[in-house]
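Welcome! Let us walk through this structure together, one part at a time.

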Amino acid sequence: MATDVTEENALGEINKYDFVTPSHDVFKAEKGLNADIVAQISEMKREPDWMRDFRLDSLKIFESKPMPKWGGNIAINFQDIYYYLKPANEQGRTWDDVPQEIKDTFDKLGIPEAEKKYLAGVKAQFESEVVYGSLQEDLGNQGVLFTDTDTAVREHPEILREYFGKIIPPTDNKFAALNSAVWSGGSFIYVPPGVKIDFPLQAYFRINAEQMGQFERTLIIVDEGAEVHYVEGCTAPMYTTESLHSAVVEVIVKKNGRCRYTTIQNWANNIYNLVTKRAMAYENSLMEWIDGNLGSHLTMKYPAVYMMEPGARGEILSIAFSSKGQHQDAGAKVVHCAPNTKSRIISKSISKNGGRSSYRGLCKVEDGATGCKSNVVCDALILDPDSRSDTYPYIEVEEQDVQIEHEASVSRIGEEQLFYLMSRGLTEAEASSMIVSGFIEPLIKELPMEYAVEMNRLIELQMEGSVG
Amino acid sequence: MAETLKITDLHVAVEGKPILRGVNLTINRGETHALMGPNGSGKSTLGFAVMGHPGYEITSGSISLNGEEIAEWDATQRSRAGIFMAFQRPMAIPGVKLADFLRHATTNVRNPERREGAELIPMRQFRKELTEKMEHLRMDTEFARRYVNDGFSGGEMKRAEILQMAMLRPKFAILDETDSGLDVDAVKLASESIAEIGGDQMGILIITHHDKLLERNAPDFTHVMLGGRIVETGGIELATELYTEGYDRIRAAYPEAAEAEQEMVGKEVEAV
């Protein structure tokens, strides 16, 4: 099943993200999904009863819910997936403890650059389990908890249990229920009152076993007046059979807190990426989602901010790039539950080679949430006549005293722009690539430097050979 | 050997409508030519056709550079061969910084064989040169961080075009109404700049309605275009005459071209 990574290929850099490292699995759950397998996963993780029961209840909810009939076409055989895979017995504490094979994988992904800089803060998920991660000492001294979620279940049960599954309950949607039943890995972060973390906490992870679902579960709690920026980057190798990624991310931002959650995902073309992300923002707090979606067969992802108390703000900046055989159904949800809350959504999509991008967004203002402001801008860029872009904005307002703005634009790369750049010596491909990179610049400039570089490189790779 | 851009009996159509009807023009490197003519006579069309705009179809005739036929080349190839056009209305490229764009463009034009993805000219070297050129043109270096033509005023666009020309150091340059939209001082600065960039190093075709740009870039030849053809060629005195007297004498002297002009302008009105 694994291809030889040393195999020479003329494409060189293009295939940088397209390889498989042989897996030496310590434990692999049986293929398929039923109560026995779910119980077995819980047992392997030596979980408390309440979590095992939570998983089993979630499985029933999953089984009772129909597949969503909107968004994209989902053709997944849930019995043909491995739901749990553990690559090493113990979680690495230092870099030296990390198995060579996994280090090789990181090397191929070019992670060491970021690793050097943020060595102590990096959490990396390899297959279903966090295998490497060590918390920077001063963070620990400040009372910050940054661990994988499995560890948090064992070591921080009181705080975890207070919030786990409360922002996104298993009943929310079919895939949230699935994740709740079989989740593994993901990050758990608690930032105590007043603590401001001035560098981004990062997580790299990737899927590395054929037909294996990845169901990480992330929970971030930002206490009063605290601040954190969490970054997850993701590059997956290519496979020929279907693969499923279905994460749940829950975030709580308390009074005067700030949280920014940045995601760059570059999935292989066969992956279903069905993710539920939601934050609750309390008085005068700020929640920001920055979400970049590349690759995958189908992505359905709508990061949400519920503004629960006055003065809360939610900002969602997203970009989707879809190419041949890909459908990005991505967007954002903002729900104004309290007066004087503000939201802003900027969504950009690029479609090429027959790819399809859809913006699906909800702006909701509840009765009594006076003085709210919401601004939504979605821009689509279509690179050729075979590609497609759709916009599905939903606006539900139950209050008079509000200010809602929605702007949408769809553009094609213009002949005049191409000619202008070509008249300055750029090739047609370079010109298209430059126009696209300019189009997504508003998002790129919000990214930490090394992610901005990686994102630009990914876009260049996506653009290569797209014209001429 | 003198380098030459030679246009022979050039016919160009846009969306199937004939615009240029047999243009002949020879520009040697080091010469300055002025191209004048009423609106809609085909001046900009000539510029676009020489630069290689895909929407300007060459139906017959030839464009050659040092004897080599370039009519089939795309704009990229022509640019790398040393042809430049300063646009009357340059396109905005939102999100792309002028400096990044220019570094890419400069690298390609100076290394015509460069492959996509190959190294760009070193940042330090590029910055130094860009800063010098911008100071020369009395431009704030912060300007290079702005997005290409995005929200530029008319004057800023024209100066950005001249800056690009200064960086790309073309052999042949077409300036399409680079003086329009500029105030008197800006025109003066632009003309000085063109002269300083090395007017004597380039073959220049200045498309203009005014004589201001010509004051410091005295044309060796002035051409008058009417109805898609160059009907008369003279020296600087012709430019002065046209600027002060208008085109009545020309129309009277070339009734056939004037008729073609009527037809073309009429078509334009229909299209609007």
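Before we begin, one term will help: two strands are said to pair if DSSP finds at least two bridges between them. With that in hand, look at chain B, where Thr26(B) in β2(B) is the bridge partner of Lys6(B). Please keep in mind that this is a predicted model.

The bridge between Lys6(B) and Thr26(B) belongs to a longer pairing: strand β1 (residues 4-14) of chain B and β2(B) run in the antiparallel sense over nine bridges. Both strands sit in an open sheet of four, whose order is β2-β1-β4-β5 (chain B) and whose pairing is antiparallel. At the edges stand β2 (17-28) and β5 (68-69) of chain B; each has a single partner strand, so one side of each is left without a neighbour in the sheet.

Chain B holds another open sheet, this one built from six strands in the order β6-β9-β10-β3-β11-β12 (chain B), with mixed pairing. Here the edge positions go to β6 (83-86) and β12 (229-234) of chain B, and because each has a single partner strand, one side of each lacks a neighbour in the sheet. On average, neighbouring strands of this sheet are turned by 20° against each other, direction ignored. Inside the sheet, strand β9 (residues 172-176) and strand β10 (residues 203-207) of chain B pair in the parallel sense over five bridges. One of these links Phe172(B) to its bridge partner in β10(B), Gly203(B).

Which strands does helix α5 of chain B touch as it packs on the sheet? Helix α5 (residues 154-168) touches β6 and β9 of chain B, and its direction makes about 165° with that of β6(B). Helix α8 (residues 236-245) of chain B lies across β3 (32-36), β11 (221-226) and β12 of chain B, running at about 45° to β11(B).

Now find His53(B), in the loop between α1 (43-51) and β4 (56-65) of chain B. Is His53(B) buried or exposed? His53(B) counts as buried because 22 other C-beta atoms lie within 10 Å, and the cut-off for a buried residue is 20 or more. Leaving aside its neighbours within four places in sequence, His53(B) is in contact with Phe48(B), Ala75(B) and, from the other chain, Phe419(A).

That last contact leads us to the meeting of the two chains. In total, 21 residues of chain A are in contact with 26 residues of chain B. On the side of chain A that touches chain B, α9 (415-422), α10 (428-439) and α11 (441-444) of chain A each supply at least two residues. The residues on this side of chain A divide into 10 nonpolar, six polar and five charged. For the complex, the predictor gives an ipTM of 0.95 and a pTM of 0.76. Chain B has a mean pLDDT of 90, and 97% of its residues reach 70 or more.

Let us move on to chain A, which has 12 helices and 23 strands. Of its 468 residues, 53% are buried. Among its contacts between residues at least 6 apart in sequence, 83% join residues at least 24 apart.

A good place to see burial is strand β14 (residues 286-295) of chain A: 10 of its 10 residues are buried, so the strand is largely enclosed by the rest of the structure. Strand β12 (residues 258-267) of chain A pairs with β14(A) in the parallel sense over 10 bridges, and Leu286(A) in β14(A) is the bridge partner of Arg258(A). β14(A) also pairs in the parallel sense with strand β17 (residues 313-322) of chain A, over nine bridges. There, Ile290(A) has Leu317(A) in β17(A) as its bridge partner.

In soluble globular proteins, nonpolar side chains tend to be buried together. The largest nonpolar core in this model has 189 residues, and those with the most contacts inside it are Ile189(A) and Ala281(A). The element that gives the most to this core is α5(B), with eight residues. Beyond its neighbours within four places in sequence, Ala281(A) is in contact with several residues, including Val253(A), Met287(A) and Val305(A).

Finally, visit two loops of chain A. Arg46(A) lies in the loop between α1 (35-44) and α2 (49-64) of chain A, and its phi is near 50°, a positive value in a residue other than glycine. Arg46(A) counts as exposed because it has 9 C-beta neighbours inside 10 Å. Asn256(A), in the loop between β11 (248-253) and β12 of chain A, has a positive phi of about 60° although it is not a glycine. With 19 other C-beta atoms within 10 Å, Asn256(A) is partly exposed.

Technical notes: Residues are numbered from 1 along each chain as its sequence is written. Chains are lettered from A and ligands numbered from 1 in the order in which they are written. This is a predicted model: local features need pLDDT of at least 70, side-chain atom pairs count only at pLDDT 80 or more; totals for chains, interfaces and linings use all residues. Axes are lines fitted to C-alpha atoms, for helices over the stretch in contact, and angles run from 0 to 180 degrees between N-to-C directions. Two residues are in contact if their C-beta atoms, placed from the backbone, lie within 7 Å. A residue is buried if 20 or more other C-beta atoms lie within 10 Å of its own, exposed if 12 or fewer, and partly exposed in between; C-beta atoms are placed from the backbone. pLDDT is the predictor's confidence in each residue, from 0 to 100. A nonpolar core is a set of buried Ala, Val, Leu, Ile, Met, Phe, Trp, Tyr and Cys residues joined through C-beta atoms within 7 Å. Ala, Val, Leu, Ile, Met, Phe, Trp, Tyr, Cys and Pro count as nonpolar, Asp, Glu, Lys and Arg as charged, and the others, Gly among them, as polar.
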